Amino acid sequence: MILSIQTVLNAFKQWRASGESCFVAYAPGRVNLIGDHTDYNDGLAMPMIMDQAIYVATRSSSSDSHLLRSENYDEEVSYPIDQWPTVPRTHWASYVAGMIREIPPPTSIEMLIMGNVPLGAGLSSSAALEIATGLALEKLNGTSIPPLDLAKIGQKVEHKYIGVKCGIMDQIVSRVGRSRHALYLDCKTLKWEHIPIEYPDIRFVVMDSRVKRQLASSKYNERRGECQRALQQIQADDSTIESIRHIQMDHIKAISDPTLQKRIRHVLLENERVKNARSAILRSDWFELGKLLSASHISLRDDYQVSCKELDVMVDQAESYTEVYGARMMGGGFGGCTINLVLEKDADLIAKSLVSESRKKLNYPVTYYSVAKGTEAGIQYFG
Ligand code: GLA
């Protein structure tokens with residue numbers, strides 16, 4: 001679906017025909033080039049922004065209630081400003097209500113939400129919704145929240161109101177990610193570097209398995225807990241170790257459970273892969289980058305155990321093409337998407353062929369998206 005700000009604005013005008021005019025804030029979904037399950041372990045990651053984004057057309061109102069509408073779900077939620085909407089915990093309105101709780105606007109608001117980030121596909125539509133809503137609330141309050149602080153508020157909303165103990169990568173890249181750049185992100189120092197990706201010869205293709213697993217968020221929290229337990233065992237051996245970031249491969253021996261050893265091995269080696277991927281991009285060494293993507297997949301599949309049959313099939317299939325430098329599952333796992341590094345001149349052909357092969361094999365309506373320029377987060381006003 002192609003989405004322009006004008007389309008969002010028109011939808012708002014149709015919904016709320018009279019009254020003050022609105023403004024539109026927006027933030028992109030994320031693809032993660034490499035570095036998964038590292039962010040909440042003080043590690044390294046290298047996400048990028050997508051062209052697809054979430055848009056929120058907003059204005060203040062004089063009512064006693066907030067009025068929210070999702071175009072995508074064709075659903076309206078209204079709730080008194082001093083209360084919480086009566087919706088399930090992971091409902092779209094909970095994300096907005098959480099942001100409103102954390103950045104209270106001076107009056108009630110009317111907000112129409114519309115987006116083309118595929119929902120529930122592991123492309124961080126929720127982080128995009130948090131950041132877009134946060135930008136709108138900044139504007140309504142006439143304040144400016146430093147980008148990192150806004151990202152932290154988004155993360156807090158996930159932890160406190162939604163119950164997903166996510167890391168910070170998705171919110172940061174959605175807020176500060178740049179067009180045609182990857183974000184080399186150090187989740188310990190919370191510093192980042194924009195790495196230019198000029199890619200006339202290659203394309204990043206995201207293949208969406210359309211597999212959505214209910215268990216994904218509980219499994220995610222389980223992995224976080226495992227890393228915490230492993231760290232505690234290492235700290236019992238050496239109290240100077242602050243976080244998994246500071247563990248050497250040798251320390252793994254202090255962990256008694258072999259499963260926990262595997263989890264930590266993934267994190268340590270994935271951090272190294274992110275560093276190497278940064279260098280490979282700066283040298284435009286796509287063969288090396290492809291190898292790193294493939295190694296990341298194997299590690300997520302075998303050591304971290306967050307892949308699934310469908311993602312493995314899609315990665316294996318992609319790697320059987322000589323035009324594909326490398327592929328891996330991406331994000332939290334247990335469904336969602338893979339990212340594939342493909343030779344530009346054959347990219348559409350390969351992507352279409354992968355879609356049709358995967359559909360046959362998996363019986364899911366697999367689809368693909370190309371990562372192009374990327375939509376940077378922003379705001380547009382209308383008089
Ligand atoms: C989800 C989380 C992120 C990150 C990834 C895995 O997308 O929101 O913080 O942990 O999973 O890398």
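This report describes the overall fold dimensions, the ligand site and the empty spaces of one protein chain with a bound ligand.

The structure is a predicted model. Its protein chain contains 10 helices and 12 strands, and the C-alpha atoms occupy a box of roughly 65 × 55 × 40 Å along the principal axes. For a chain of 383 residues a compact globule would be expected to show a radius of gyration near 21 Å, and because the protein chain has 21 Å, the two values agree.

**Ligand site**

The ligand is surrounded by Arg30, Asp36, His37, Asp39, Tyr40, Cys166, Gly167, Met169, Asp170, Tyr220, Gly331 and Gly332. Sorted by class, this shell is made up of four nonpolar, four polar and four charged residues. Three of the surrounding residues, Asp39, Gly167 and Tyr220, have a polar atom paired with an oxygen atom of the ligand, as the following table sets out.

| Residue | Protein atom | Distance to a ligand oxygen atom |
|---|---|---|
| Asp39 | side-chain N or O atom | 2.6 Å |
| Gly167 | polar backbone atom | 2.9 Å |
| Tyr220 | side-chain N or O atom | 2.5 Å |

Taken alone, the ligand exposes 310 Å², and the protein buries 90% of that area.

**Second largest pocket**

Which residues line the second largest pocket? Its lining consists of His66, Tyr79, Ile81, Gln83, Trp84, Ala97, Ile100, Arg101, Pro104, Pro105, Thr107 and Ser108, and the space within this pocket amounts to about 150 Å³. Helix 2, which spans residues 92–102, supplies the largest share of the lining, with three residues. In terms of class, the lining of this pocket has seven nonpolar, four polar and one charged residues.

**Enclosed space**

Rolling a probe the size of a water molecule over the atoms shows where empty space is left. In this structure there is one cavity of 30 Å³ or more, and the largest cavity holds about 40 Å³ of space. The residues that line the largest cavity are Met48, Ile49, Arg178, Arg180, His181, Ile197, Tyr199, Val371, Ala372, Lys373 and Gly374. By class, the lining of the largest cavity comprises six nonpolar, two polar and three charged residues, with Arg178, Arg180 and Lys373 being the charged members of that lining.

Conventions
Residues are numbered from 1 along each chain as its sequence is written. This is a predicted model: local features need pLDDT of at least 70, side-chain atom pairs count only at pLDDT 80 or more; totals for chains, interfaces and linings use all residues. Side-chain values use heavy atoms; hydrogens and water are left out. A residue is near a molecule or strand if one of its heavy atoms lies within 4 Å of it. A polar contact is a pair of N or O atoms within 3.5 Å; within protein, one must be able to donate a hydrogen and the other to accept it, and residues adjacent in sequence count only if both atoms are side-chain atoms. Accessible areas come from the Shrake-Rupley method with a 1.4 Å probe; for residues, only the protein chains shown count as cover. On a 1 Å grid over the protein atoms alone, a cavity is a set of points where a 1.4 Å probe fits but cannot get out, and a pocket is an open set with protein on both sides within 12 Å along at least five of seven lines; lining residues have an atom within 4 Å of a point. Grid points are joined across faces, edges and corners, and a volume is the space filled by probe spheres set on the points. Helices (H or I, at least four residues) and strands (E, at least two) are DSSP runs, numbered from the N terminus. The radius of gyration is taken over C-alpha atoms; the globule rule is 2.2 Å times the number of residues to the power 0.38.
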